[in-house]
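Here are some notes to read alongside the model, written for someone opening it for the first time. Keep the viewer open and go point by point.

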Amino acid sequence: MVDISRGSALGSSGASELFQLLRDGVPRTRAALAQSTGLARSTVAARVDELMRLGLVTPVADAASTGGRPPSQFALNPAARIVLAADLGASRAHIAVTDLAGSVLAERSERKDIALGPEAVLGWMVDVGLALIDELGRDRHDLAAIGIGVPGPVEHSTGRPVNPPIMPGWDRFDVPGWVQQHLEVPVLVDNDVNIMALGERAVAWPSVEHLVFVKVATGIGSGIISGGLLQRGAQGIAGDIGHVRVARGADVPCHCGNRGCLEALASGPAIARSLREQGVDVQTGGDVVELVKRGDLDAIQAVRQAGRDIGEVLTACVSLINPSVIAIGGSMARAGEHLIAGVREIVYTRSMPLATEHLSIVQSAAAGNAAVLGASMLAIHHALSPEGIDALAAR
Ligand SMILES: [Zn+2]
């Protein structure tokens, strides 16, 4: 017998532990729950009743049952609560309200400069969040948690950005503490690439345990999911591959002070700069993408070379963590297969055969929604954890 009743704050009922079996949304009977947990059927029945009282679990019609028997299966009720998800980018912000399955119920995207500072941007986020909740006709007490992604390093345990280069005024700012003055729910903060990895997995690879998401935009970074869990490392900076040195870049200066960094060769601005040096009239990474889409050969070759540079660094990642999926996103991924082809060319030739036998290197499926969906996943994961369920029950 497995005793899963200990350690619950839901009195002695242990309903939050039972809920962990039901949070995947797959309907189960009381008998199946009793079998999985080793608990007496009467105990399971009482815990299911408690979860139904909280609205977290709902009866699901049993497809196999006929003759008007009452429904005997139970599953997560995604509508029970809502979460607020915010992707605060360098110059744009995307806010969404989702249910507990991550389905977007309402959203808004606006130009919002992160450099306006934390109080201006977070204040706006709170106002938009409350407006969206009103529009949905939901009560703000239905809000279970808030997930926020920001374009810089975050100390995950405290939710504080740490020396973020493009976020003036945010260094060590207590994001959760400030937001909780307005909305008293758990606030989870992470960097944008980490939450993009979570969003990509939720959208396209829900059963994949080992996934690397690479964002190629103004900067280059990656989010690592290994063993089904986002890997942040000791200080939250795991996956920060932009300043790894690549062979081709020996003398190219990087804004970090070093030379030859991946970001100094293969980011959007770096590709644009290399094309300008060839006499091509481009200013930004976006201009490069437009040229590629029009079939410009110089731009295609530059993007493909950037893909090779990224592939050089990813080859080391493949050896270290053996992912089964590498998803490439960020604004430069809109250049399509040319970037991916460069990555594949190097990773597939430079890696051990076993490491690439079942490795997919693909364009992000979640694309522009990866970050906001990942912020939602961050919030949901916390809200549905044993501690999160206990907290909901205690409110
Ligand atoms: Zn650098």
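**Notes on two sheets and their helices**

1. Let's start with a strand pair: β12 and β13 run antiparallel and are joined by three bridges. A word on terms: strands pair if DSSP finds at least two bridges between them, while helices (H or I, at least four residues) and strands (E, at least two) are DSSP runs numbered from the N terminus. Across this pair, Ile225 sits opposite Leu230 of β13. The two strands make a hairpin with two residues between them, and Gly227 there has a positive phi near 60°.

2. Before going on, a caution about the source: this is a predicted model, where local features need pLDDT of at least 70 and side-chain atom pairs count only at pLDDT 80 or more, while totals for chains, interfaces and linings use all residues. Residues are numbered from 1 along each chain as its sequence is written, and side-chain values use heavy atoms, with hydrogens and water left out.

3. Now step back to the sheet that holds this hairpin. It is open, has five strands in the order β13-β12-β11-β14-β15, and its pairing is mixed. β13 (229-231) and β15 (360-363) are at the edges with a single partner strand each, so one side of each has no neighbour in the sheet. On average, neighbouring strands are turned by 25° against each other, direction ignored. For angles here, axes are lines fitted to C-alpha atoms (for helices over the stretch in contact), and the angles run from 0 to 180 degrees between N-to-C directions.

4. Two more pairings fill in that sheet. β11 and β12 are antiparallel over six bridges, and they too form a hairpin, with three residues between them. Look for Lys215, whose bridge partner in β12 is Gly221. On the other side of the order, β14 (residues 325-329) pairs with β15 in the parallel sense over four bridges, and Val325 has Ser360 of β15 as its bridge partner.

5. What packs on this sheet? Helix α10 (residues 297-321) does, touching β11 (211-216), β12 (220-226) and β14, and its direction makes about 160° with that of β11. Contact means heavy atoms within 4.5 Å. As for β12, six of its seven residues are buried; buried is under 20% relative accessible area, exposed is over 50% and partly exposed is in between, using a 1.4 Å probe and protein chains only.

6. Ile310 is a good residue to click on in helix α10. With a relative accessibility of 1%, Ile310 counts as buried. Beyond its neighbours within four places in sequence, its contacts are Val214, Val216, Ile220, Leu262, Ala266, Leu339 and Val343. Ile310 is also 8.7 Å from Ile346, C-alpha to C-alpha, with their positions 36 residues apart in sequence.

7. How do α8 and α10 pack? Helix α8 (residues 268-277) meets α10 at an angle of about 135°, and the axes are 10 Å apart. The contact involves Ile271, Ser274 and Leu275 from α8, together with Asp298, Ala299, Ala302, Val303 and Ala306 from α10.

8. There's a second open sheet, again five strands with mixed pairing, in the order β6-β5-β4-β7-β10. β6 and β10 are the edge strands, each with a single partner, so one side of each lacks a neighbour in the sheet. The twist from one strand to the next averages 15°. β4 and β7 run parallel, joined by six bridges, and Ala85 is opposite Gly147 in β7. Helix α13 (residues 370-383) packs on the sheet and touches β4, β5, β6, β7 and β10; its direction makes about 140° with that of β4.

9. Is edge strand β10 (residues 187-191) covered or not? Mostly covered: five of its five residues are buried. Val187, Val189 and Asn191 point one way, Leu188 and Asp190 the other. β10 pairs with β7 in the parallel sense over five bridges, with Ile146 opposite Val187.

10. Last, helix α4 (residues 118-135). Its buried residues include Trp124, Met125 and Leu130, and among the elements covering them are β4 (82-88), β5 (92-98) and α5 (175-180). After α4 comes Gly137, with a positive phi near 70°.
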